[in-house]
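Biologist: Before we discuss this protein, I should like each descriptive term to be justified. Please show me the structure, and then I shall ask for the reasoning behind each label.

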Amino acid sequence: MSAISKKICMVGDFGVGKTSLIRRFVERQFNDKYLSTVGVKISRKTVELADVKQQEKLNVQLLIWDIEGHAKFKAIAPTYLQGAAGAVIVGDFSRQETLERIPEHVQLFLSVNPKGFIVVAFNKADLVEEEKVEKLFLTYQIQDHERVIKTYPTSAKSGIYVDELFEKLSYQIVEAA
């Protein structure tokens, strides 16, 4: 079984749950204490993909770059984004302004990595009533961009769609390589 390594960036405003999504995916844990990421933190997780490029199985080591979300950081963010095969753009369902800024994050990532792929996570779905989740989800869909492959309503707390979004992004990156 062969293995490859791919860089993925977590991008979004501060406090949207980028670090929590990574912890849920990599460590299978959730902590509701807020710790702001300073600069960048890199996590690793190997994902086993089935039926990729005529191979039965393929291991992909994801190097997940958790990038600080503060506005003052935007000037140096492109440096951290360089060389990424994909990104998870994260917004917070309970803070509408973070959803409104998702297109900016998409453009920033694609300006550095025009061949990269993006999955969008509308995080903290567990904090919003289900009908409001559906309404916001429909309002802020941006899958009309060819590089945005899927949007998920996620919850780092419950784990809903967390594995799926990383797996979907991994498959797309490997298939396109």
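Modeller: The model is a predicted one. A search of the whole structure finds seven salt bridges.

Biologist: What makes the pair of aspartate 92 and lysine 124 a salt bridge?

Modeller: The N to O distance between the side chains of aspartate 92 and lysine 124 is 3.0 Å. The cut-off for a salt bridge is 4 Å, so the pair of aspartate 92 and lysine 124 qualifies. Aspartate 92 lies in strand E4 and lysine 124 in the loop between E5 and helix H5, so the pair ties together parts that are 32 residues apart in sequence.

Biologist: Why is aspartate 92 called buried, and why is lysine 124 called partly exposed?

Modeller: Buried means under 20% relative accessible area, and exposed means over 50%. Aspartate 92 has 0% relative accessibility, so this residue counts as buried. Lysine 124, at 22%, falls between the two limits and is therefore partly exposed.

Biologist: How do you know that Asp92, Arg95, Glu97 and Lys124 belong to one network?

Modeller: The salt bridges share partners. Arginine 95 meets aspartate 92 at 3.5 Å, N to O, and also meets glutamate 97 at 3.6 Å. Aspartate 92 in turn meets lysine 124. Glutamate 97 is partly exposed, with a relative accessible area of 36%.

Biologist: Why does lysine 18, in helix H1, count as having no salt bridge?

Modeller: The nearest side chain of opposite charge, aspartate 66, is 5.3 Å away. A salt bridge requires a distance within 4 Å, so lysine 18 and aspartate 66 do not form one. Lysine 18 is nevertheless buried.

Biologist: What makes the approach of lysine 18 to the backbone oxygen of aspartate 13 a polar contact?

Modeller: A polar atom of the lysine 18 side chain lies 2.8 Å from that backbone oxygen of aspartate 13. The limit is 3.5 Å, so the pair is a polar contact. Lysine 18 is also in contact with other residues, including Met10, Gly69 and Val90.

Biologist: Why is leucine 21 called buried?

Modeller: Its relative accessible area is 1%. That value is under 20%, so leucine 21 is buried. Leucine 21 lies in helix H1, and its contacts beyond four places in sequence include Met10, Val90, Ala121 and Phe166.

Biologist: What makes strand E5 largely enclosed by the rest of the structure?

Modeller: Seven of the seven residues of strand E5 are buried, so the strand is largely enclosed. Both faces are covered: Phe117, Val119, Ala121 and Asn123 are on one side, with Ile118, Val120 and Phe122 on the other.

Biologist: How do you know that E5 pairs with strands E4 and E6?

Modeller: Pairing requires at least two bridges. E4 and E5 share seven bridges, in the parallel sense, and therefore pair. Five bridges join E5 to E6, also parallel, so these strands pair as well. Isoleucine 89 stands opposite valine 120 in E5, and phenylalanine 122 stands opposite proline 153 in E6.

Biologist: Which residues have the most contacts inside the largest nonpolar core?

Modeller: This core has 28 residues, and those with the most contacts inside it are Met10, Leu62, Val88, Phe166 and Leu169. Helix H6 gives the most to this core, with six residues. Phenylalanine 166 is in contact with Met10, Leu21, Phe25, Leu62, Ile64 and Val88, leaving aside neighbours within four places in sequence. A second, separate core of 24 residues includes Ala84, Val106, Phe122 and Ala125.

Conventions. Residues are numbered from 1 along each chain as its sequence is written. This is a predicted model: local features need pLDDT of at least 70, side-chain atom pairs count only at pLDDT 80 or more; totals for chains, interfaces and linings use all residues. Side-chain values use heavy atoms; hydrogens and water are left out. Helices (H or I, at least four residues) and strands (E, at least two) are DSSP runs, numbered from the N terminus. Buried means under 20% relative accessible area, exposed over 50%, partly exposed in between (1.4 Å probe, protein chains only). Contact means heavy atoms within 4.5 Å. A nonpolar core is a set of buried Ala, Val, Leu, Ile, Met, Phe, Trp, Tyr and Cys residues joined through side-chain atoms within 4.5 Å. Lys and Arg count as positive and Asp and Glu as negative; His and the chain ends are not counted. A polar contact is a pair of N or O atoms within 3.5 Å; within protein, one must be able to donate a hydrogen and the other to accept it, and residues adjacent in sequence count only if both atoms are side-chain atoms.
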